[in-house]
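Please look through the sequence and the structure shown here before reading on. The report that follows takes up contacts, burial, aromatic rings and confidence in turn.

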Amino acid sequence: ENGHYRAVLGLRGGASACDAAAAPDTAGGDAAGAADSTACASARGLSAPLDALAHEVHEVSALLDALHASASRADGASYLALFAPDAVFLGTDPDERWPLEQFHSYATARFATGRGWT
């Protein structure tokens, strides 16, 4: 699992605020031996929602990876197939807001040149 996403979800091993509150530091260190934040979440009945969220984060990450890979290969068919029918592409410019039909035309023409983007 990606450590970044585990940190975002509060799943990285080590003492959390929950652990620190539940286990005062008597060892003169950093609450050594305290359960990690997943155990804390489990004790509070949160493990199932966190597992579901971790799964969703994994799915979003995989989708973004597929978008980037397809765009870098100028693979328009694979790239555009990843968008929902009512998608709106938001570019880097604040005024760049493309309904899928308009973006499809732009991307198809761009990918036809053999040049994608990263």
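## Leu 100 and its surroundings

When neighbours within four places in sequence are left aside, Leu 100 is in contact with Phe 83, Ala 84, Pro 85 and Ala 87. Leu 100 belongs to helix 6, and it counts as buried because its relative accessible area, 16%, is under 20%. Leu 100 and Phe 89 are 11 residues apart in sequence, and their C-alpha atoms are 6.6 Å apart in space. All of this refers to a predicted model, and the confidence attached to its parts is taken up at the end.

## Overall architecture

The protein contains six helices and two strands, which follow one another along the sequence in the pattern α-α-α-α-α-β-β-α. Of its 118 residues, 24% count as buried. The accessible surface comes to about 7,900 Å², and 57% of that surface belongs to carbon and sulfur atoms. Among contacts with a separation of 6 or more, 37% are between residues 24 or more positions apart.

## The nonpolar core

Which residues have the most contacts inside the largest nonpolar core? That core has 13 residues, and those with the most contacts inside it are Tyr 79, Leu 80, Phe 83, Phe 89, Phe 103, Ala 107 and Phe 111. At least two residues of this core are supplied by each of helix 4 (47–72), helix 5 (76–81) and helix 6 (100–112), and the largest share, four residues, comes from helix 6.

Leu 80, which lies in helix 5, is buried with a relative accessible area of 12%. Not counting neighbours within four places in sequence, Leu 80 is in contact with Phe 103, His 104, Ala 107 and Thr 108. The last of these contacts joins residues 28 positions apart along the chain, and the C-alpha atoms of Leu 80 and Thr 108 are separated by 8.6 Å.

Phe 89 touches Tyr 79, Phe 83, Glu 96, Arg 97, Trp 98 and Phe 103, when residues up to four places away in sequence are not counted.

## Aromatic rings

The model has 12 aromatic pairs. In one of them, the ring centres of Phe 111 and Trp 117 are 4.8 Å apart and the ring planes stand at 25 degrees, so the pair is stacked. The two partners differ in burial class: Phe 111, at 6% relative accessibility, counts as buried, whereas Trp 117, at 22%, counts as partly exposed. Both residues belong to one aromatic cluster, which is formed by Tyr 79, Phe 83, Phe 89, Trp 98, Phe 103, Tyr 106, Phe 111 and Trp 117.

## From helix 4 to helix 5

Ser 70 lies in helix 4 and is buried, with a relative accessible area of 4%. With residues up to four places away in sequence left out, Ser 70 touches Asp 75, Ser 78, Tyr 79 and Leu 82. Asp 75 is also the partner of Arg 73 in a salt bridge, in which the closest N and O atoms are 3.3 Å apart. The structure holds one salt bridge. Asp 75 counts as partly exposed, at 23% relative accessibility.

Ala 74 is found in the loop between helix 4 and helix 5 and counts as buried at 13% relative accessibility. Its phi is near 60 degrees, a positive value in a residue other than glycine. Most residues other than glycine have a negative phi.

The relative accessibilities of several residues discussed above are brought together here.

| Residue | Relative accessibility | Class |
|---|---|---|
| Ser 70 | 4% | buried |
| Phe 111 | 6% | buried |
| Leu 80 | 12% | buried |
| Ala 74 | 13% | buried |
| Leu 100 | 16% | buried |
| Trp 117 | 22% | partly exposed |
| Asp 75 | 23% | partly exposed |

## Confidence in the model

The protein averages a pLDDT of 75, and 61% of the residues score at least 70. Where is confidence lowest, and where is it highest? Confidence is lowest in helix 1 (residues 3–8), at a mean of 40, and highest in helix 5, at 96. Over residues 1–17 the pLDDT stays under 50, and for this stretch the model has 28 contacts beyond four places in sequence. Residues 19–35 likewise have a pLDDT below 50, with 13 contacts in the model beyond near neighbours in sequence.

Note on methods:
Residues numbered from 1 in each chain as written. Predicted model: local features only at pLDDT ≥ 70, side-chain atom pairs only at ≥ 80, totals over all residues. Heavy atoms only, no water. Core = buried A, V, L, I, M, F, W, Y, C linked by side-chain atoms within 4.5 Å. Buried < 20%, exposed > 50% of the residue type's maximum accessible area, 1.4 Å probe, protein only. Contact = heavy atoms within 4.5 Å. Areas by Shrake-Rupley, 256 points an atom, 1.4 Å probe, with all protein chains shown as cover. Salt bridge = Lys/Arg side-chain N within 4 Å of Asp/Glu carboxyl O. Phe/Tyr/Trp six-rings, centres within 6.5 Å; stacked < 30°, edge-to-face > 60°. pLDDT = per-residue confidence, 0-100.
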